[in-house]
Amino acid sequence: MADRFIPNRSASNFELGNFKCNSDKVHIDEEMMSPSKQQYQEAMSENLNGNVVNSKILAYKNKAPQAPEGYQNNMRVLYSQTKTPSSTRKVTRHIPQVPERILDAPEILDDYYLNLLAWSCNNHLAVALGNSVYLWNAGTGDIQQLMSMSGPEDYVSSVSWISEGNFLAIGSSNAEVQLWDVAAQKRVRNMTSQSSRVGALDWNVYILSSGSRAGTIHHHDVRIADHHVATLDGHTQEVCGLKWSPDGRHLASGGNDNLLNIWGYQCTREGNVPLHSLTQHQAAVKALSWCPWQASVLASGGGTADRCIRFWNANTGHCLNTVDTKSQVCSILWSKEYKELITGHGFANNQLTIWKYPTMAKVTELTGHQARVLHMAMSPDGTTVVSAAADETLRLWKCFAVDPQKKPVQKSHPDKKTNTLLRQQIR
């Protein structure tokens with residue numbers, strides 16, 4: 001080996017093994033022969049760990065995006081783009097599929113155009129059975145008969161509680177509207193102004209509105225002796241739906257003429273021109289309900305030939321949405337606890353349907369009635385719905401139970417002074 005490696009320091013060339021190199025390329029050869037510190041570390045890493053580059057299972061051609069300015073933890077930013085916050089997770093609540101209680105309702109009339117069920121703020125349920133009105137105390141379970149019509153052919157056609165819950169208005173087939181003090185079980189007054197049966201009633205403070213088979217709507221001021229203060233002539237056939245908005249600014253009326261009218265509060269002073277006369281429904285409009293958190297939003301439901309739920313802006317008369325339910329819509333109620341509403345239906349399933357608002361996705365269907373669900377009413381706490389059907393039963397569904405994690409809302413009790421004052425004024 002010594003004979004083969006003999007450099008000539010004075011010459012311009014030297015021999016390395018069997019190769020000859022020029023002196024001007026010695027520095028390149030020295031770089032090749034003398035590895036840098038980085039190359040040395042890479043070589044040692046490969047000897048110890050193998051070829052890391054070739055052993056990767058996944059590799060990305062493009063680098064991950066840089067975090068927005070102001071973020072210090074890149075990983076936190078990347079994960080936060082796909083992670084669902086706990087506040088947006090939705091837990092499906094349990095809705096019992098069987099009624100909490102079933103009550104018999106013999107002789108309840110199978111008439112789509114009547115309104116025979118009402119639940120007061122004092123937890124008293126009023127139901128009209130034939131020619132009589134019965135009260136069921138939901139707190140104690142006690143049942144009592146409040147009144148009965150005297151004529152053999154007479155029957156009760158509508159019931160409605162005043163907002164304070166101490167007076168019940170009763171409409172009859174003989175065109176009368178009776179006002180009863182339920183605590184004293186005494187009729188306070190008898191108001192006659194209509195020419196035919198009164199199938200729809202609703203209150204706006206001390207104004208009681210009544211709709212008749214003749215298509216007229218009368219307003220009664222129960223504080224004064226001359227109670228009939230206004231007449232509305234917006235329908236050509238029987239008025240079967242009548243609802244004041246929660247703020248008292250609008251009155252919605254539906255009739256067998258397939259017409260939905262929206263009236264302004266000025267209608268209580270002899271004005272017979274509706275703000276909006278809506279003709280989209282193709283059947284009688286009985287089911288009416290105002291949204292509790294949007295006072296100007298009205299839900300209406302049509303009969304067998306229509307089957308649709310429609311939502312309206314009462315200020316503009318614009319139709320916000322339409323949903324085909326595939327069955328007769330007899331009644332509508334909005335939930336007080338959830339952004340939902342419940343509807344009662346006729347043929348073919350005779351079911352109650354709970355809808356999510358505003359998407360109108362079905363939450364669930366409650367079945368059990370053997371005939372069409374004609375009427376619904378909601379308990380004062382908003383948790384329970386009672387349905388009355390042509391199968392002569394009442395069914396109580398606890399379908400809007402309050403979330404136990406939420407604080408219970410303190411219900412305001414009616415002012416006793418206001419009740420006493422109103423009691424003295426009604427005559």
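Hi everyone, let me start with the annotation. An unreviewed UniProt entry places the feature "repeat: WD" at residues 149–190, 232–263 and 366–398. Please keep in mind that what we have on screen is a predicted model.

So what do these annotated stretches look like in the model? Take residues 232–263: this span is 53% strand and 0% helix, and its end C-alpha atoms sit 9 Å apart. For residues 366–398, the figures are 52% strand and 0% helix, with 11 Å between the end C-alpha atoms.

Now zoom out to the whole chain. The protein has 30 strands and four helices. Of its 427 residues, 45% are buried. If you take the contacts with a separation of 6 or more, 46% of them join residues 24 or more positions apart.

Next, the interior. The largest nonpolar core contains 31 residues, and Val-133, Leu-146, Leu-168 and Ile-170 have the most contacts inside it. Which strands supply at least two residues each? They are β4 (117–119), β5 (124–129), β6 (132–137), β7 (143–148), β8 (156–161), β9 (167–172), β29 (385–389) and β30 (393–397). Strand β5 gives the largest share, five residues.

Let's stay with Leu-168 for a moment. Setting aside residues up to four places away in sequence, Leu-168 touches Val-133 and Leu-146, and its other partners include Ala-126, Leu-135, Val-159, Trp-161, Leu-179, Trp-180 and Val-182. Ser-160 and Gln-178 are also among the residues touched by Leu-168.

I'd like to finish with two charged residues. The first is Asp-202, in strand β12, residues 198–204. Asp-202 is buried but has no salt bridge; the nearest side chain of opposite charge belongs to Lys-243, 4.5 Å away. What does the side chain of Asp-202 have a polar atom 2.7 Å from? That would be the backbone nitrogen of Trp-244. Beyond its neighbours within four places in sequence, Asp-202 is in contact with Ser-160, Ile-207, Leu-208, Ser-209, Leu-242, Lys-243 and Trp-244.

The second is Arg-189, found in strand β11, residues 186–192. Arg-189 is buried and has no salt bridge. Where is the nearest side chain of opposite charge? It is that of Asp-221, 7.0 Å away. The side chain of Arg-189 does reach a backbone oxygen, the one of Ala-225, at 3.2 Å.

To recap that last part: Asp-202 has the backbone nitrogen of Trp-244 at 2.7 Å from its side chain, while Arg-189 reaches the backbone oxygen of Ala-225. Thanks for listening!

Conventions. Residues numbered from 1 in each chain as written. Predicted model: local features only at pLDDT ≥ 70, side-chain atom pairs only at ≥ 80, totals over all residues. Heavy atoms only, no water. UniProt positions renumbered as here; feature names shortened; annotations may be inferred. Buried < 20%, exposed > 50% of the residue type's maximum accessible area, 1.4 Å probe, protein only. Lys, Arg positive; Asp, Glu negative; His and termini not counted. Salt bridge = Lys/Arg side-chain N within 4 Å of Asp/Glu carboxyl O. Polar contact = N/O pair within 3.5 Å; in protein donor to acceptor, adjacent residues only side chain to side chain. Contact = heavy atoms within 4.5 Å. Core = buried A, V, L, I, M, F, W, Y, C linked by side-chain atoms within 4.5 Å.
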